[in-house]
Amino acid sequence: MYLKLGSVLIILLSLFGCGQPVASGELEKVGLLVTETIDEKVWGTKGYKGLLKIQSELNVDVYYKEGMNDEAGIREAIEEFHNNGVNLIFGHGSEFANYFNEISSEYPDIHFVVFNGEANGENVTSLNFDSNAMGFFGGMVAGEMTKTNKVAVLAAFEWQPEVDGFFEGAYYQNENVEVDIQYVQDWNNTDIALTLLDQMIEDGVDIVYVAGDGYNIAVIEKLKEEGLYAIGFVSDQSDLGKGTVLTSTVQHVDTLYEVVAKEFDNGKLENGELFYDFKDGVISLGTFSPLVDEEFKSTVMESIEEYKETGLLPNQL
């Protein structure tokens with residue numbers, strides 16, 4: 001039974017079943033902090049699924065706490081986790097990096113994990129998707145499928161490696177393509193994203209790589225209304241419309257969380273900044289739309305396999 005009291009309640013997930021793998025090393029209990037909620041359709045849900053995987057595969061108690069948006073709340077949550085015996089904490093986003101770097105020395109018996117941020121301290125690790133390649137393969141699909149030779153990236157921030165990757169992939173596949181790149185400067189601001197999308201549509205763009213997890217569902221729905229196309233982001237978003245979502249660049253956060261928990265349990269989780277890619281099984285392309293030609297789909301998948309083996313993208317061979 002789950003009892004929710006907004007952002008202040010720490011929640012323990014009950015364990016069921018027997019005969020499951022059990023953490024036999026350093027891992028004791030696991031905590032997850034999210035800035036919004038675990039019900040957030042893309043990013044928040046990914047973190048929660050990762051927590052459930054850890055619970056299922058390692059048979060340990062896991063906790064989560066929502067609405068973690070300020071230092072006081074985060075400090076309180078960490079202290080609660082600590083009192084409950086948690087020794088591995090995931091901060092589900094780059095927002096937690098500064099907090100964890102500052103707080104980590106006060107809890108030397110806890111290992112802190114964040115996404116896409118600097119990691120300072122012996123017990124802080126930053127997980128980074130090496131996402132240039134996923135953007136490249138998404139760009140190949142857009143370059144192949146565009147009818148107007150105008151495609152776009154609607155990203156959150158300039159630092160996202162998938163943005164450059166998409167541009168390179170689209171141009172590799174179609175040297176006549178124009179790539180419009182716009183930034184929302186926020187993961188979640190749907191209003192700004194839709195305003196930028198309106199301008200893209202007016203300019204003749206027919207495919208948009210919606211590289212922001214908080215607003216991409218609304219953008220994809222608008223593209224569907226307009227009879228245009230999308231490349232999904234973070235999750236396989238084919239369920240939003242196989243006639244709209246040509247494919248998705250998928251980051252398997254849940255799988256990565258499980259990998260990290262097992263590494264920690266085995267005493268092998270390194271501090272600092274770690275990078276993961278297709279070869280690690282945590283990035284893939286999602287379901288292809290039936291609109292994508294089977295021969296071209298095979299070409300893309302073969303290129304991905306070659307990239308896994310060589311580390312080289314098609315434009316580097």
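1. Let's start with the term needed for the first contact: a polar contact here is a pair of N or O atoms within 3.5 Å, and inside the protein one atom must be able to donate a hydrogen and the other to accept it. With that in hand, look at S126: a polar atom of the S126 side chain sits 2.6 Å from the backbone oxygen of G117. Keep in mind throughout that this is a predicted model.

2. Where is S126, and is it buried or exposed? You'll find S126 in strand β6, which covers residues 124-129. Its relative accessibility is 0%, so S126 counts as buried. The polar side chain of S126 thus has the backbone oxygen of G117 at 2.6 Å.

3. N216 makes a good companion to S126. N216 belongs to helix α7, and with a relative accessible area of 0% N216 is buried. The N216 side chain reaches a backbone oxygen too, that of F233, at 3.4 Å. If you re-check this one, note that the cut-off for a polar contact is 3.5 Å.

4. On to the charges. How many salt bridges does the model have? The count comes to 10. The pair I'd look at early on is K29 with D61, where the closest N and O atoms are 4.0 Å apart. K29 is in the loop between β1 (11-12) and β2 (30-33), while D61 is in the loop between α1 (43-58) and β3 (62-65), so this bridge ties together parts that are 32 residues apart in sequence. As for cover, K29 is partly exposed, with a relative accessible area of 23%, and D61, at 23% relative accessibility, is also partly exposed.

5. Helix α7 comes up again with E221 and K224, a salt bridge whose closest N and O atoms are 3.5 Å apart. The helix runs over residues 216-226, and these two residues are 3 apart within it, about one turn. E221 is partly exposed, at a relative accessible area of 30%, and K224 is partly exposed, at 34%. Elsewhere, E71, R75, E102 and E106 are joined into one network by salt bridges that share partners.

6. Within that network, E71 and R75 form a salt bridge, with 3.1 Å between the closest N and O atoms. What separates E71 and R75 along the helix? They are 4 residues apart in helix α2 (residues 71-83), which means about one helical turn between them. Both ends are partly exposed: E71 has 31% relative accessibility, and R75 has 27%.

7. Now the surface. Which residues gather in a patch of negative charge there? The members are E144, D293, E294 and E295. E294 lies in helix α9, which spans residues 294-310. With a relative accessible area of 53%, E294 is exposed; the reasoning rests on exposed meaning over 50%.

8. One last spot to click on is D239, in the loop between β10 (229-234) and β11 (245-251). Buried or exposed: which is D239? At 67% relative accessibility, D239 counts as exposed. D239 and T287 are 48 residues apart in sequence, and their C-alpha atoms are 9.3 Å apart in space.

Notes
Residues are numbered from 1 along each chain as its sequence is written. This is a predicted model: local features need pLDDT of at least 70, side-chain atom pairs count only at pLDDT 80 or more; totals for chains, interfaces and linings use all residues. Side-chain values use heavy atoms; hydrogens and water are left out. Patches are made of residues with over 30% relative accessible area and no salt bridge: like charges are joined within 9 Å, nonpolar side chains (Val, Leu, Ile, Met, Phe, Trp, Tyr) within 5 Å. Accessible areas come from the Shrake-Rupley method with a 1.4 Å probe; for residues, only the protein chains shown count as cover. A salt bridge is a side-chain nitrogen of Lys or Arg within 4 Å of a carboxyl oxygen of Asp or Glu. Lys and Arg count as positive and Asp and Glu as negative; His and the chain ends are not counted. The place of a charge is taken as NZ of Lys, CZ of Arg, CG of Asp or CD of Glu. Buried means under 20% relative accessible area, exposed over 50%, partly exposed in between (1.4 Å probe, protein chains only).
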